[in-house]
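Work through the exercises below with the sequence and the model at hand. Each task is followed by a solution in steps.

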Amino acid sequence: MRDRLGHRRRDDNRSRHVGLYALYDWCYGDDPQWLHDLEDDYTVYSHDHGLYLPPNTGEISPQVLRDAKDEPNELPDVRNGLNAEAVALVADALEKIDREVLVNIMCGVPASWPATDEELATLGWFLEYRAPVVAGRVRNLIRREG
């Protein structure tokens, strides 16, 4: 486990890392720790031990989500060597986030989970609201390179 995205030139990490930058910013990640598959050319698949969504405590707070809606939350990591095509694809996908899809995802949360309708509705709104701005920051991952 590492707290930096490494091995960018191995496997398809040049592309895979773009999605991690996007996820971290869009969903307001915290405590970045990455799992690398040592048996598969240091492929990085997942984020471990991080808490997403402000206030990054594992709970959903509608007020905190509303307060954090405009705050950038960029992954503090080296941005060089990312795949430009992957940057465009991820940014395009964020710009196409559809409210209906988010509603269906929120409605799919099991009733047994400790999340109220207000919390889930605010979470869906938060993700929809942030998506286009995060897409712009993802596009800037290449522009700031160097």
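**Exercise 1.** Decide whether Arg 137 is buried, partly exposed or exposed in this predicted model.

Solution. Step 1: the relative accessible area of Arg 137 is 13%. Step 2: a residue counts as buried under 20%. Step 3: Arg 137 is therefore buried.

**Exercise 2.** Find the salt-bridge partner of Arg 137 and state what the pair ties together.

Solution. Step 1: the partner of Arg 137 is Asp 25, and the closest N and O atoms of the two are 2.6 Å apart. Step 2: a salt bridge requires such atoms within 4 Å, so the pair qualifies. Step 3: Asp 25 belongs to helix α1 and Arg 137 to helix α5, so this salt bridge links parts that lie 112 residues apart in sequence. Step 4: Asp 25 has 3% relative accessibility and therefore counts as buried.

**Exercise 3.** Examine the salt bridge between Arg 130 and Asp 25 and place both residues in their helices.

Solution. Step 1: the side chains of Arg 130 and Asp 25 meet with an N to O distance of 3.0 Å. Step 2: Arg 130 sits in helix α5, residues 117-143, while Asp 25 sits in helix α1, residues 13-26, so parts 105 residues apart in sequence are tied together. Step 3: both Arg 130 and Asp 25 are buried.

**Exercise 4.** The structure holds 7 salt bridges. Take the one formed by Lys 69 and Asp 70, classify its two residues by accessibility, and then say which residues are joined into a network by shared partners.

Solution. Step 1: Lys 69 and Asp 70 meet through their side chains at 3.1 Å, N to O. Step 2: Lys 69, at 25% relative accessibility, counts as partly exposed. Step 3: Asp 70 counts as partly exposed too, at 49%. Step 4: the network made by salt bridges with shared partners consists of Asp 25, Arg 130 and Arg 137.

**Exercise 5.** Describe the protein chain as a whole: its elements, its burial and its contacts.

Solution. Step 1: the chain has 5 helices and 2 strands. Step 2: read from the N terminus, the order is α-β-β-α-α-α-α. Step 3: 39% of the 146 residues count as buried. Step 4: among contacts with a separation of 6 or more, 74% are between residues 24 or more positions apart. Step 5: the chain exposes about 8,300 Å², of which carbon and sulfur atoms supply 52%.

**Exercise 6.** Describe the largest pocket by volume, lining and residue class.

Solution. Step 1: its volume is about 260 Å³. Step 2: the lining includes Gly 58, Ile 60, Trp 113 and Leu 123. Step 3: α4 (99-107) and α5 each supply at least two lining residues, and α5 gives the most, with 3. Step 4: by class, the lining divides into 9 nonpolar, 1 polar and 2 charged residues.

**Exercise 7.** Describe the second largest pocket in the same steps.

Solution. Step 1: the volume of the second largest pocket is about 200 Å³. Step 2: among its lining residues are Arg 99, Cys 107, Trp 125 and Glu 128. Step 3: α4 and α5 are the elements that give two or more residues to this lining; the largest share, 6 residues, comes from α5. Step 4: the classes are 8 nonpolar, 1 polar and 3 charged.

Note on methods. Residues numbered from 1 in each chain as written. Predicted model: local features only at pLDDT ≥ 70, side-chain atom pairs only at ≥ 80, totals over all residues. Heavy atoms only, no water. Helix = DSSP H or I, 4+ residues; strand = E, 2+ residues; numbered from the N terminus. Buried < 20%, exposed > 50% of the residue type's maximum accessible area, 1.4 Å probe, protein only. Contact = heavy atoms within 4.5 Å. Areas by Shrake-Rupley, 256 points an atom, 1.4 Å probe, with all protein chains shown as cover. 1 Å grid on protein atoms, 1.4 Å probe; cavity = no way out; pocket = protein on both sides within 12 Å on 5 of 7 lines; lining within 4 Å. Points joined across faces, edges and corners; volume = space filled by probe spheres on them. Nonpolar A, V, L, I, M, F, W, Y, C, P; charged D, E, K, R; others polar.
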